[in-house]
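Subject: A structure for you to explore

Hi,

Here is the structure I promised to pass on. Have a look around it first, and then read my notes below.

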Amino acid sequence: MQSSDLARVATIFRTAFNEMYRRRGFGPVVADQAVGAVIAETYRSLDPAHCLVVVAGDRVVGSGFLHVRGRTAGAGPITIDPAHQSSGYGLALMREICARADAAGVRSLRLIQDAFNEVSFCLYGRVGFVARETLVRGSFRSRPDVGTRGATRRATSADVASIVALERDAIGIERAKDHELLLRMGDTLLAGDRPLRGSLVRMVRGGVAVLGPAVSRDLDTMLDLVQAATRDLPMRTDTRLLLPASRPDLLGAMYDAGFEVHSLCTYMVRGEFTPFDGYYVPTLFPESG
Ligand SMILES: CC(C)(COP(=O)(O)OP(=O)(O)OC[C@H]1O[C@@H](n2cnc3c(N)ncnc32)[C@H](O)[C@@H]1OP(=O)(O)O)[C@@H](O)C(=O)NCCC(=O)NCCS
């Protein structure tokens, strides 16, 4: 992918996702044309060698991203122009991404897909991905008036090594450069000290808060972090996150806080996978796992 491809990549990103949602009866998921370009540009700065476009003749018809982080990697987003879908381009792109991951020594390649998207589910299965977790995608309204729970603090770049160690132990991913990026783009909150018990990233854009990635060793720590990340937001801010379906205690606590489910996603892994230890809230940005 070259910088001259970004406008086309952004258009395909928006139309492919909106069309995929429309076909299944949902409203558009990508409202802003700029989103795809911002994501592509950010990933080009993190992983320039693994930002790919699909070319048919002299026309860009799709794009995909691989995020190698040592023995693990993430893949996505993957989009093919709706006018060129069902022609084998998506499969060819995923085969290329898997080949690059294998060549880089990746043992565990991970991605998140919308569970209602039967096309992408089959496509990923055909190149070796296995569904390992169901994620519950939803939102709740922030409430600044709830009492304070356990202590948390804001992370600085001096904390990145501890966050990386926590994620390595809990979810098997080591990704310092993603956490450095997230510190620049959002707020990272921490709970506990030596050992760190949890971390949570919050990004607020256009009046919407997105929580994650977040990792904690126990339920109370995750709830402390969620509450600390929302109590300074304006009342009733739309706050979005992905919750692991395998943690009914976390889901139950979030339902009590007003969490509404919008749809389900599947966490898929190609290669090695050890179930997560503790509580993990993954994100679609960055898609490094
Ligand atoms: C997902 C996406 C990238 C696939 O791209 P594509 O170029 O259309 O995919 P391909 O043509 O290579 O492969 C699709 C395959 O799925 C198969 N397929 C589709 N629906 C299927 C079903 N219900 N059951 C089984 N197989 C199915 C097709 O038959 C095709 O296989 P074939 O070539 O052997 O016939 C594209 O649809 C897209 O951009 N979607 C919107 C964005 C998106 O959802 N991205 C994935 C995010 S996780």
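How many disulfides does the structure hold? It holds zero. Please keep in mind that this is a predicted model. As a reminder, a disulfide is a covalent bond between the sulfur atoms of two cysteines. To count as one here, the two sulfur atoms must lie within 2.5 Å. For Cys122, the closest cysteine sulfur belongs to Cys98 and is 15 Å away, so the gap is too far for a bond. Cys265 has its closest cysteine sulfur in Cys122, at 16 Å, which is again too far for a bond. The surroundings of these two are worth a look as well: Cys122 counts as partly exposed because its relative accessibility is 43%, whereas Cys265, at 2%, counts as buried.

Cys98 brings us to helix 3. This helix covers residues 89-103, which makes 15 residues. At 1.5 Å a residue it should span 21 Å, and its end C-alpha atoms are indeed 21 Å apart, so the two values agree. Which residues of helix 3 are buried? They are Gly90, Leu91, Leu93, Met94, Ile97, Cys98 and Ala101. If you look down the helix axis, these buried residues fall within an arc of 160 degrees, so they line one face of helix 3. After the helix comes Gly105, which has a positive phi, near 85 degrees.

Next, try finding the second largest pocket, with a volume of about 300 Å³. It is lined by 14 residues, and those closest to its centre are Phe140, Val146, Val226, Gln227 and Ala257. Strand 6 (130-141), helix 7 (219-230) and helix 8 (248-256) each give two or more residues to this lining. Helix 7 gives the most, with four residues. Sorted by class, the lining has seven nonpolar, four charged and three polar residues.

One last stop is Glu174, in the loop that runs between helix 5 (160-171) and helix 6 (176-185). Is Glu174 buried or partly exposed? Its relative accessible area is 42%, so Glu174 is partly exposed. Glu174 and Asp224 are 50 residues apart along the chain, and 24 Å separates their C-alpha atoms.

Enjoy exploring, and write back with any questions!

Best wishes

Key. Residues numbered from 1 in each chain as written. Predicted model: local features only at pLDDT ≥ 70, side-chain atom pairs only at ≥ 80, totals over all residues. Heavy atoms only, no water. 1 Å grid on protein atoms, 1.4 Å probe; cavity = no way out; pocket = protein on both sides within 12 Å on 5 of 7 lines; lining within 4 Å. Points joined across faces, edges and corners; volume = space filled by probe spheres on them. Nonpolar A, V, L, I, M, F, W, Y, C, P; charged D, E, K, R; others polar. Buried < 20%, exposed > 50% of the residue type's maximum accessible area, 1.4 Å probe, protein only. Expected span 1.5 Å × (residues − 1). Arc of directions from axis to C-beta.
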